[in-house]
Amino acid sequence: MADLRDFIEQVKRANDIVDVIGSHLELRHSGANFMARCPFHGEKTPSFNVNRNLQIYKCFGCGESGDVIKFIEKYESCTFMEALEILAKRANLKMPETVAQKQDKDFSERKKKKDVYLQICRDTAVFYYKCYYSPTGAIARKYIEQRGFDAETVKKFGIGYSPDIESLVKYLKSKQYNLEDCVKCGVIQNGKYGYSDALFGRLIIPIFNMQGQVIAFGGRGLDDKTIARGKYKNTSETPLFVKNQNLFAINIAKEQKQQTALPNIVVVEGYMDVIAMYQAGFKRAVASMGTSLTENQAKWLSRLADTVYICYDGDAAGQKATVRGMDILDRAGLEVRVMTVPEKLDPDEYIKKYGKDAFEQLIEQALPLPDYKLKLLDNAFDIGSNDQTVRNNALPKYVQGALTMLKALDDVRQARYITAVSLKTGYSEDYFRRKLTEETTDEPLPDVTGTELSQEDKAKYFIAACILHGESYADITEKPICNSAFLSALYDYLLECKQSNVEPSMDMLYTVCPNAQSEQYAQILEWDFSKKRQEKNERYFNECRRLVTVEKLKRQREELMAKIRDNPEDSSLLAELSILSKKINDIR
């Protein structure tokens with residue numbers, strides 16, 4: 001762990017935050033700092049501040065802050081380790097192997113194989129793209145023309161064509177690839193009659209990962225003979241491609257996010273829906289490729305936007321598996337809304353028939369997930385029927401379904417929908433609350449910092465801020481009582497620096513506390529350390545140090561008193577208590 005932290009600091013020193021952010025955003029001097037329009041929320045007036053001295057950024061519009069690694073992590077929609085690798089490559093530094101990788105003897109070999117597979121997929125995509133524009137690709141070009149897709153869209157998605165069963169195999173042989181490697185990365189198959197192109201005779205749609213690398217292909221049949229073997233067909237799952245862990249066009253949504261903060265993402269079922277939406281100007285659509293949504297896909301989506309619109313056809317949206325997928329998105333913290341496309345049309349067909357503006361209206365009319373679930377209950381159980389027998393049979397089933405829906409909600413939404421369900425069913429709100437209490441198990445509360453902090457906790461934040469800002473009067477000798485994981489990790493870092501005789505760095509805040517809330521970072525960043533406040537800050541620092549010292553002594557006194565209760569005749573404990581009480585009074 002120490003080796004990794006040393007490497008992180010090395011990467012940060014080699015990547016000046018102004019240079020890195022300046023290569024992605026237009027930065028302008030503003031006093032001692034630099035300003036830009038924030039890439040993480042839409043704004044016209046720049047409020048994104050980059051501080052070269054502290055090597056951090058802070059947006060005064062949305063509150064987002066971080067160091068150079070956090071910026072790449074957010075901007076590239078990647079993990080911390082992926083962001084670290086991007087910056088390491090930028091500085092020509094070699095990533096160290098983790099402990100797990102050192103213990104895994106095959107790690108290096110697998111990584112080399114993965115690089116080979118990616119290159120095979122890239123060259124295969126180039127081959128298909130060239131075939132699309134060759135004389136043999138006329139059938140594919142005619143199909144694309146009929147769908148109304150232009151050349152720019154074809155190029156953006158890398159659309160191609162597979163002319164026959166063997167041309168790709170010959171091409172890959174000419175590139176000196178091992179054909180078994182080509183089988184393992186899914187671009188060809190080895191069957192009864194030898195090596196062949198599994199997608200021959202089809203329009204080819206490359207599938208990219210978040211980093212814009214080709215990892216698989218989808219094929220669409222163009223004639224009756226090919227369609228008889230399946231209208232759509234994917235390359236097989238490989239070390240690069242697992243269908244339910246990827247989303248089609250996630251790379252394009254990421255590109256759009258980098259140009260301007262995305263208000264939402266629209267999830268559809270198929271490739272052609274995404275391509276049609278892109279052609280119509282909706283460049284924030286991705287496809288789940290016919291699978292129910294998973295936790296991995298929720299993770300990708302949460303890196304791009306806070307709100308997700310689900311736009312499946314009328315039949316699919318009612319399936320239990322699809323609703324379970326929506327629940328996964330909801331549990332991941334995403335706001336989920338469900339679109340209903342009339343006439344059982346898919347998005348592609350609807351846009352062609354009614355136009356872009358009509359589709360925009362469908363987005364505006366989308367239902368929040370709880371409302372959509374209630375709509376499904378309305379469709380399944382006719383509690384408003386004029387037939388009393390039908391109504392009596394339907395009502396208990398509707399109520400049970402509503403309770404299931406309510407259980408999945410947070411307290412705020414639950415309170416709102418209890419009222420709605422009570423009015424709908426005639427059951428009292430107390431009835432629903434009682435049933436929910438009966439069926440809910442106690443769960444530990446998460447470790448979060450509330451908006452109201454004790455004086456002692458405010459003091460701990462201020463002390464840490466002073467040390468990180470390099471104030472000459474700021475120092476600590478021992479760890480205070482820490483009531484949050486954030487403060488505990490931060491003070492461990494500060495004391496580690498002191499013991500190693502190393503100056504703590506503000507930008508390391510995001511390394512030692514990578515998953516903190518924005519409010520916690522703000523408690524460190526939003527103090528005024530200008531010269532005019534130096535005397536006041538020093539006085540407040542001394543007061544803060546007194547507060548945390550007294551708090552710790554009081555805790556020791558409480559522990560000592562507990563010992564005295566168990567051993568009332570031990571005079572040494574009473575003497576120790578007297579000394580401790582005197583210390584507390586003297587400090588006060």
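The protein chain of this predicted model contains 27 helices and 16 strands. Along the principal axes, its C-alpha atoms fill a box of roughly 95 × 75 × 50 Å. Of the 588 residues in the chain, 47% are buried. Among contacts with a separation of 6 or more, 63% are between residues 24 or more positions apart. The chain exposes about 31000 Å², and carbon and sulfur atoms supply 48% of this area.

One open sheet consists of five strands in the order β1-β2-β3-β4-β5, with antiparallel pairing. Strands β1 (28–30) and β5 (65–66) stand at the edges with a single partner strand each, so that one side of each has no neighbour in the sheet. Helix α3 (residues 68–75) packs on this sheet and touches β3 (48–51), β4 and β5. The direction of α3 makes about 55° with that of β4.

The pairing within this sheet can be followed strand by strand. Strands β1 and β2 are joined in the antiparallel sense by three bridges, and H29 stands opposite F34 in β2. The hairpin formed by β1 and β2 has two residues between the strands, and G31 there takes a positive phi near 65°. Between β2 and β3, which run antiparallel, there are three bridges; M35 stands opposite N49 in β3. Strand β4 (residues 56–59) runs antiparallel to β5 and is joined to β5 by two bridges. In that pair, Y57 stands opposite G66 in β5.

In a regular strand the side chains alternate between the two faces of the sheet. Strand β2 (residues 33–36) has N33 and M35 pointing one way and F34 and A36 pointing the other way. All four of these residues are buried.

A further open sheet of five strands has the order β13-β12-β14-β15-β16, and its pairing is mixed. Its edge strands are β13 (285–287) and β16 (367–368), each of which pairs on one side only. Strand β12 (residues 265–268) pairs with β13 in the parallel sense over three bridges. Within this pair, V267 stands opposite V286 in β13.

Helix α26 (residues 534–566) has 33 residues, which at 1.5 Å a residue should span 48 Å. The C-alpha atoms at its ends are 49 Å apart, in agreement with that expectation. The buried residues of α26 are N537, F541, C544, L547, V548, V550, E551, L553, L560 and I564. Among the elements that cover them are α22 (455–468) and α27 (571–587).

Side chains of opposite charge can pair when their charged atoms come close. The whole structure holds 29 salt bridges. One of the salt bridges is formed by D16 and R52, whose closest N and O atoms are 3.0 Å apart. Because D16 lies in the loop between α1 (2–14) and α2 (17–22), and R52 in the loop between β3 and β4, this pair ties together parts that are 36 residues apart in sequence. The two partners differ in exposure class: with 18% relative accessibility D16 counts as buried, whereas R52, at 35%, is partly exposed.

Within helix α26, a salt bridge links R546 and E543, with the closest N and O atoms 2.6 Å apart. These two residues are three residues apart in the helix, about one turn. Both are partly exposed: the relative accessible area is 25% for R546 and 31% for E543. Elsewhere, K12, D67 and D507 are joined into one network by salt bridges that share partners. The side chains of D410 and R413 also meet in a salt bridge, at 2.7 Å from N to O. D410 counts as partly exposed, at 36% relative accessibility.

Definitions and conventions
Residues numbered from 1 in each chain as written. Predicted model: local features only at pLDDT ≥ 70, side-chain atom pairs only at ≥ 80, totals over all residues. Heavy atoms only, no water. Pairing = 2+ DSSP bridges. Helix = DSSP H or I, 4+ residues; strand = E, 2+ residues; numbered from the N terminus. Contact = heavy atoms within 4.5 Å. Axes fitted to C-alpha atoms, helices over the stretch in contact; angles between N-to-C directions. Expected span 1.5 Å × (residues − 1). Buried < 20%, exposed > 50% of the residue type's maximum accessible area, 1.4 Å probe, protein only. Salt bridge = Lys/Arg side-chain N within 4 Å of Asp/Glu carboxyl O. Areas by Shrake-Rupley, 256 points an atom, 1.4 Å probe, with all protein chains shown as cover.
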